[in-house]
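Q: I'm new to this one, so please take me through a single part of it up close. Start with what is tucked away there and what it packs against, then work outwards from that spot.

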Amino acid sequence: MTAPLFSTVGIVGTGAMGRGIAQIAAQAGSTVLLFDTQAEAVAKARDALGAQWDKLVEKGRLTADTAAAHKQRLQPAAALADLAGCDLVVEAIVERLDVKKSLFAELEGIVQPGAVLATNTSSLSVTAIAAALQRPAQFAGYHFFNPVPLMKVVEVIAGLKTDAAVCQRLAGYARQMGHTPVQAEDTPGFIVNHAGRGYGTEALRIVSEGVADFATIDRILKDQVGFKLGPFELMDLTALDVSHPVMESIYRQYYDEPRYRPSVITAQRLAGGVVGKKVGDGFYKYAGGAAQIAPEPPVTQVDEMPPVWVSTRAARRAELYQLLKDLGAKIETGQSPSPQALTLVAPLGFDVTTVAVVERLDPARTVGIDMLVDDAATKRRVLATNPATRSDMRDAAHALFARDGKAVSVIRDSGGFVTQRVVATIVNIAADMCQQRVCSPQDLETAVTLGLGYPLGPLAMGDRYGPANILEVLFNMQTVYGDPRYRPSPWLRRRGAIGLSLMHEEE
Ligand code: NAI
């Protein structure tokens, strides 16, 4: 083992996070001194970590000698003054600015002048915590995720006065602990909590418009995009008493930026105590830890399938044609649909109603399909009706697209389909973070895949669906909603034609 960059590390606050940081620091070879205002919290942390290492020995994944060495490196500190010899102190106490400020003011008087002080805050400004310090250059944010040993990313945050060398040392130490460091500017939500704003907030907006229910939105985003958890499953897991305040905090810290506007749905559920899985009741109800999910609406049998006509302006028109052929549809190729034809449109960002009117199609026979997603790469197709769509036409479209056994969801009309809206919002927020230089594009991708578990970084996601398509979705949604939250970031507009994950930018 190479010598750790910090040989003696103090941890203040040995709850969920402090304990996890202590574990990986001890494993990296540092002596770790644990301090908590509740003395029993230190004993609990040492016992829990000791038991964890013993279990690894039992499983043959750690030698008894190594476990003993780890345990030996974990030392209790009876008073804050015992941290005098630390070359790094990481704070993981209660999330309150006043308490953190006074802790660091005290610590600064205890440690040697060259020691580094770091905060694990997830929502406070690093610069604000450092404001009263004598040596703010030696102070940085070191934001880990829960559970620390499994979430292998850490945000290293420079306050306004932080010395760049301090951040580099913290990044190097993170690597020694087996983590991937990403460098973030001191901005609300840093990287992960900022980039994560698009997923839940846009999904909530879709529900609030009555376009689809929670379970349908979860199914669509898992099957079409490959998210491991749908946004409502995720909110149930995180619990709204944690996630709703984060949504509010980031929105307020950005002075009511419409992109981050939270939803009254989560505010009400939080007030009512319907916060998620831990209380057995959230967007889903839980029995024995498992979500109770209502079955999908069945595919209606259709005796006589009408012929199908496809709009000349449909997205991915050639692919849609091929798909219809593969499904055995009778395809009409005339200039306009016959009076019997099911009429398909595939808009990007626009709603089906507007498209039917603009293209002079009969709305009663018009159904939309989301073709942003390559049909071969998706496990689900999504159709949208408009308010005039006849039920026989909706049922015919549903049955036709389910013919090969692929799952189909039928949602109500809105600007953009579920995937278009959510993906475009995620990509746009990420693009704006690049524009603001919150972090480098590479670190953004790394932080989001490791910290949020998305199937792709947001910039790679934009490239997969096509930056020009994402821009079109946003432009058109801005027209449909007249809402500045869909205003495309200038970074996205510039990159629209050349690709988003192109990393060697000198802009
Ligand atoms: P926790 O409640 O599990 O542990 C906090 C510990 O700090 C407790 O043992 C408490 O006795 C101790 N403490 C409180 N005030 C103290 C003081 N003045 N001096 C010494 N010890 C004190 O909290 P958790 O979840 O570990 O969070 C700690 C920090 O980490 C917070 O700033 C939080 O925002 C941040 N964080 C939490 C994450 C999470 O998922 N729980 C993720 C990332 C950051």
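A: Let's begin with the buried residues of helix H15: they are Met393, Asp395, Ala396, Ala397, His398, Ala399, Leu400 and Phe401. Keep in mind as you look around that this is a predicted model. Helix H15 spans 391-401, and it is mostly covered, with 8 of its 11 residues buried.

What covers it? The buried residues of H15 pack against strands E11, E13, E14 and E15, against strand E16 (407-411), and against another helix, H13.

So hop over to H13, which takes in residues 317-326 and has Leu320, Tyr321, Leu323 and Leu324 as its buried residues. Look down the axis of H13 and those buried residues fall within an arc of 160°, so they line one face of the helix. Here's a handy bit of background: an α-helix has 3.6 residues a turn, so residues three or four places apart point the same way. Now swing round to the face of H13 turned away from the buried side, and you'll find the exposed residues Ala318, Lys325 and Asp326.

The buried residues of H13 have their own set of packing partners: strands E11 (308-310), E12 (331-332), E13 (342-345), E14 (366-369) and E15 (380-384), plus our starting point, helix H15. Follow the chain just past the end of H13 and you'll meet Gly328, which takes a positive phi of about 75°.

One residue on H13 is worth zooming in on. Tyr321 is found in this helix, and with 17% relative accessibility it counts as buried, because the cut-off is under 20%. Leaving out residues up to four places away in sequence, Tyr321 touches Val310, Ile331, Glu332 and Thr333. If you'd like a distance to check, try Trp309: Tyr321 and Trp309 are 12 residues apart along the chain, and their C-alpha atoms are separated by 9.5 Å.

Now come back towards H15 and look at some charged side chains. Arg390 and Asp392 meet in a salt bridge, 2.9 Å from N to O. Arg390 counts as partly exposed, because its relative accessibility is 37%. Asp392 is partly exposed too, with a relative accessible area of 40%. Another salt bridge joins the side chains of Arg381 and Asp375, at 2.7 Å from N to O, and here both residues are buried.

Those pairs belong to a longer list, since the structure holds 27 salt bridges. Elsewhere you can find Glu257 bridged to Arg259, with the closest N and O atoms 3.9 Å apart; both of these residues are buried. There's also a network of salt bridges that links Glu202, Arg205, Glu209, Arg261, Arg421, Asp483 and Arg485.

For the wider setting, go to the earlier part of the chain. There you'll see an open sheet of 8 strands, ordered E3-E2-E1-E4-E5-E6-E7-E8, with mixed pairing. Strand E3 (74-76) and strand E8 (180-185) stand at the edges with a single partner strand each, so one side of each is left without a neighbour in the sheet. The twist averages 25° from one strand to the next.

Inside that sheet, strand E1 (residues 8-12) runs parallel to strand E4 (residues 88-91), and 4 bridges join them. Val9 stands opposite Leu88 in E4. Helices lie on this sheet as well: H2 (residues 39-58) lies across strand E2 (31-35) and E3, running at about 160° to E3. Helix H3 (residues 64-73) also touches E2 and E3, but its direction makes about 30° with that of E3.

Last stop: His179, in the loop between helix H6 (164-176) and E8. His179 counts as buried, because its relative accessibility is 3%. A polar atom of the His179 side chain lies 2.9 Å from the backbone oxygen of Val148, and the backbone oxygen of Met151 lies 3.0 Å from a polar atom of that side chain. Setting aside neighbours within four places in sequence, the residues in contact with His179 include Ile24, Phe144, Pro149 and Ala174.

Terms used:
Residues numbered from 1 in each chain as written. Predicted model: local features only at pLDDT ≥ 70, side-chain atom pairs only at ≥ 80, totals over all residues. Heavy atoms only, no water. Buried < 20%, exposed > 50% of the residue type's maximum accessible area, 1.4 Å probe, protein only. Helix = DSSP H or I, 4+ residues; strand = E, 2+ residues; numbered from the N terminus. Arc of directions from axis to C-beta. Contact = heavy atoms within 4.5 Å. Salt bridge = Lys/Arg side-chain N within 4 Å of Asp/Glu carboxyl O. Pairing = 2+ DSSP bridges. Axes fitted to C-alpha atoms, helices over the stretch in contact; angles between N-to-C directions. Polar contact = N/O pair within 3.5 Å; in protein donor to acceptor, adjacent residues only side chain to side chain.
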